[in-house]
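Here's a quick walk through one protein model, written for someone who would rather think at the bench than scroll through coordinates. Have the structure open as you read.

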Amino acid sequence: MRKGILSIATASVLALGSLAACGDDSGSDAGSGSNGGGKTPKIGVILPDSASSDRWETADRKYLEEAFKAANVQYDIQNAQGDKNTFQTLADQMITNGATVLMIVNLDSGTGKAVLDKAKSQGVATIDYDRLTLGGSAEYYVSFDNVAVGKLQGEGLVNCLTAANAQKPVVAELNGSQTDNNATLFKQGYDSVLKPKYDAGEYTQGPDQWVPDWNNTQAGTIFEQMLTQTGGKINGVLAANDGLGNAVISILKKNKLNGKVPVTGQDATVQGLQNILAGDQCMTVYKAIKKEADAAAELAIGLAKGEKKTTSQTVKDPEGGRDVPSVLLTPVAITKENVKDVVADGFVTKEELCTGSFAAACTQAGIS
């Protein structure tokens with residue numbers, strides 16, 4: 001299914017017209033072209049953290065760097081490590097140091113809006129990457145169809161509960177950070193699948209809680225409390241990403257329930273995929289981050305060179321009321337049956353995934 005994943009992701013990428021080649025080097029003097037205002041094109045990128053998901057450092061940074069290098073433009077990629085003050089300081093430094101484009105993954109919409117508005121007042125073009133800043137002013141928004149991500153999670157959990165022949169299962173929901181608009185969209189997606197089950201009496205709605213800042217340690221504590229509150233009677237867990245899913249699995253292991261209670265995830269991290277191979281996680285959602293990074297980089301490079309490209313999609317900002325030009329990619333559900341496709345796409349390597357006790361499971365899953 002390698003071709004399938006790639007073609008699905010590519011088909012939903014964009015109609016950005018004829019795009020410049022993607023890609024530079026932090027702090028290099030490359031990219032002598034002008035953005036039309038006499039400034040040397042320079043792109044600043046602020047990633048959110050490295051604790052909530054491995055993807056920001058292992059995937060997004062790598063793919064954005066590759067794209068900027070290939071286009072020979074100057075760039076600076078920094079990580080706010082979950083700190084709002086650091087986030088704002090990084091943005092100020094990038095603007096002071098001559099960034100002509102600022103791409104952010106906001107920590108919350110309030111902080112993100114303040115940064116975007118300041119950049120705009122300084123004549124710096126802006127892009128919302130992965131998370132939409134509500135009430136913001138970014139020229140573009142590049143992400144995945146996040147409601148569709150949630151629907152895949154909901155459908156995945158239903159499939160796993162059906163396969164387990166669960167009767168009126170109690171389902172717990174462990175949502176992401178309430179300050180992250182994506183987490184709201186994910187929940188909208190999976191609740192659209194699960195709520196009809198609750199309403200029909202087929203499933204029982206169990207504890208439902210947000211996890212501040214996607215904090216994995218806190219997620220484990222929250223889930224342990226959920227398990228105590230229900231007397232251990234939780235039959236399925238909708239965990240919003242692989243990090244939260246792994247926190248759930250660690251508590252299930254303590255209670256000898258791992259592998260018996262289906263758990264979802266998202267991001268197709270090495271840890272998440274290993275949990276799937278071990279039978280402890282039901283499914284994850286693979287998002288072809290290289291496609292996302294490439295699309296955002298092309299838009300950023302265009303803006304840096306004074307080119308405003310056209311996208312084929314828009315997203316309504318419910319707070320700002322404007323239609324934001326957008327690129328939304330298509331997510332893919334991953335179970336044990338198609339873990340190999342994530343490896344085939346090059347998102348993770350066999351060497352990373354198939355270590356130690358996972359080698360045999362990789363062979364069984366057709367990973368060669």
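What follows covers the disulfides, then one strand and its partners, then a small sheet.

Keep in mind that this is a predicted model.

**The disulfides**

Let's start with the cysteines. The count comes to two disulfides, and with bonded cysteines counted along the chain, they follow the pattern 1-2, 3-4. As a reminder, a disulfide is a covalent bond between the sulfur atoms of two cysteines. Here are the two links side by side:

| Disulfide | S to S distance | Torsion about S-S | Handedness |
|---|---|---|---|
| Cys160 and Cys282 | 1.9 Å | about 90 degrees | right-handed |
| Cys354 and Cys362 | 2.1 Å | -95 degrees | left-handed |

Which parts of the chain does the pair Cys160 and Cys282 tie together? Cys160 sits in helix 5 (residues 146–163), while Cys282 is in the loop between helix 9 (270–277) and strand 9 (284–286), so the link ties together parts that are 122 residues apart in sequence.

How about burial? Cys160 has a relative accessible area of 21%, so it is partly exposed; the cut-off for buried is under 20%. Its partner Cys282 is buried, at 10%. In the other link, Cys354 counts as buried at 14% relative accessibility, and Cys362 is buried too, with a relative accessible area of 1%.

**Strand 11 and its partners**

Next, have a look at strand 11 (residues 323–329). This strand is mostly covered, with five of its seven residues buried. Strands of a sheet pair through backbone hydrogen bonds, either parallel or antiparallel, and strand 11 takes part in both kinds of pairing. With strand 5 (residues 140–144) the pairing is parallel, over four bridges, and Ser143 has Leu328 as its bridge partner in strand 11. With strand 10 (residues 313–316), strand 11 runs antiparallel, and four bridges join the two. There, Thr314 is matched with Pro325 of strand 11.

Strands 10 and 11 also form a hairpin, with six residues between the strands. Gly321 in this hairpin takes a positive phi near 75 degrees.

**A three-strand sheet**

Finally, there's an open sheet of three strands in the order 7-6-8, with parallel pairing. Strand 7 (204–210) and strand 8 (236–239) each have a single partner strand, so they stand at the edges with one side left without a neighbour in the sheet. From one strand to the next, the twist averages 15 degrees. Strand 6 (residues 170–175) and strand 8 run parallel and are joined by four bridges; one of the matched pairs is Glu173 with Leu238 of strand 8.

Terms used: Residues numbered from 1 in each chain as written. Predicted model: local features only at pLDDT ≥ 70, side-chain atom pairs only at ≥ 80, totals over all residues. Heavy atoms only, no water. Buried < 20%, exposed > 50% of the residue type's maximum accessible area, 1.4 Å probe, protein only. Pairing = 2+ DSSP bridges. Axes fitted to C-alpha atoms, helices over the stretch in contact; angles between N-to-C directions. Disulfide = S-S within 2.5 Å.
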